[in-house]
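Student: Got a minute to walk through this model with me? I'd like to start with the helices and then move on to the rest.

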Amino acid sequence: MKRNSRLLLIDQDGVLADFDAGVRAAWQARYAEDAPFAERRHFYLRDDMAPQHHARLQAVYTAAGFFAGLPPIDGAVAALHELLAAGHDVRICTSPINDYRNCVGEKLQWVEQHLGSDWVARVVLTKDKTWVRGDVLIDDKPHISGSLTPMWTHWLYDAPYNRDDAQGRRRVVWTERDSWADLLV
Ligand SMILES: [Mg+2]
């Protein structure tokens with residue numbers, strides 16, 4: 001490892017795997033209609049949907065195959081390979097949903113399928129990311145709280161629902177290399 005190697009924690013949903021696109025595709029497949037959300041203004045998708053759709057939304061994202069089938073976010077897979085090749089200790093730090101039955105195994109399956117089997121050993125599953133050591137956490141959730149003071153600095157993975165909440169934090173988009181490629185030098 002090079003001397004300036006860093007411990008990088010990378011969130012999965014909304015940073016590597018496109019949860020919203022997965023919901024749109026699964027909604028169309030399951031209900032034969034467009035998913036009932038347009039503008040994304042809140043972190044939790046349900047908060048951008050009327051209450052009468054919440055049960056159907058939950059049925060979509062708890063179904064077998066949903067998490068394993070999420071499409072990768074543009075540039076994410078290549079970026080993680082580059083960051084690892086640059087000498088960083090890259091870990092995928094993700095919080096499974098409480099209805100874990102399909103989610104947990106399929107999150108690992110997604111990593112194996114898109115990043116490769118070596119990366120399964122790089123997954124950290126936790127319900128509280130403040131317990132995980134790291135130098136940087138790249139995450140799309142605007143406010144990450146837990147029972148400890150985090151050791152990492154939160155870089156915000158850009159999304160329409162967190163733009164008003166950046167609060168001076170660094171903003172990352174995989175396809176905008178200037179936003180993260182300084183980690184490669
Ligand atoms: Mg996320």
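**Helices, sheet and metal**

Tutor: Sure, and keep in mind that the model is predicted. Take helix 4, residues 100–114: at 1.5 Å a residue, its 15 residues should span 21 Å, and its end C-alpha atoms are 21 Å apart, so the two values agree.

Student: Okay, and which residues of helix 4 are buried?

Tutor: Cys-103, Glu-106, Lys-107, Trp-110 and Val-111 are buried there.

Student: A Glu and a Lys in that list, noted. What covers the buried residues of helix 4?

Tutor: The cover includes strand 2 and strand 3, the latter being residues 123–125. Helix 4 lies across those two strands and runs at about 165° to strand 3.

Student: What comes just after helix 4?

Tutor: Gly-116, with a positive phi of about 115°. There is a glycine to look at just after helix 3 too: Gly-87 has a positive phi of about 105°.

Student: Let's do helix 3, then. Which of its residues are buried?

Tutor: Helix 3 covers residues 76–85, and Ala-76, Ala-79, Leu-80 and Leu-83 are buried in it. Those residues sit on the same side of helix 3, because they take up an arc of only 100° around the axis.

Student: And what do they pack against?

Tutor: Strand 1 (7–10) and strand 2 (89–94).

Student: Switching to the sheet: what's the strand order?

Tutor: The sheet is open, with six strands in the order 3-2-1-4-5-6 and parallel pairing. Strand 3 and strand 6 (171–172) are the edge strands, each pairing on one side only. Helix 3 packs on this sheet by touching strand 1 and strand 2, and its direction makes about 140° with that of strand 2.

Student: How many bridges join strand 4 to strand 5?

Tutor: Four, between residues 136–139 of strand 4 and residues 153–157 of strand 5, and the two strands run parallel. In strand 5, Leu-156 is the residue opposite Asp-139.

Student: Last topic, the metal. Which protein donors does the magnesium ion have?

Tutor: Asp-11 and Asp-140 each donate through OD, while Asp-13 donates through O; the donors lie 2.0 to 2.1 Å from the ion.

Student: How are the donor residues spaced in sequence?

Tutor: The pattern is D-x1-D-x126-D.

Student: And Asp-11 and Asp-13, buried or exposed?

Tutor: Asp-11 is buried, and Asp-13 is buried as well.

How values were computed: Residues numbered from 1 in each chain as written. Predicted model: local features only at pLDDT ≥ 70, side-chain atom pairs only at ≥ 80, totals over all residues. Heavy atoms only, no water. Donors = N, O, S within 2.8 Å, 3.2 Å for Na, K, Ca; no water. Buried < 20%, exposed > 50% of the residue type's maximum accessible area, 1.4 Å probe, protein only. Arc of directions from axis to C-beta. Contact = heavy atoms within 4.5 Å. Expected span 1.5 Å × (residues − 1). Pairing = 2+ DSSP bridges. Axes fitted to C-alpha atoms, helices over the stretch in contact; angles between N-to-C directions.
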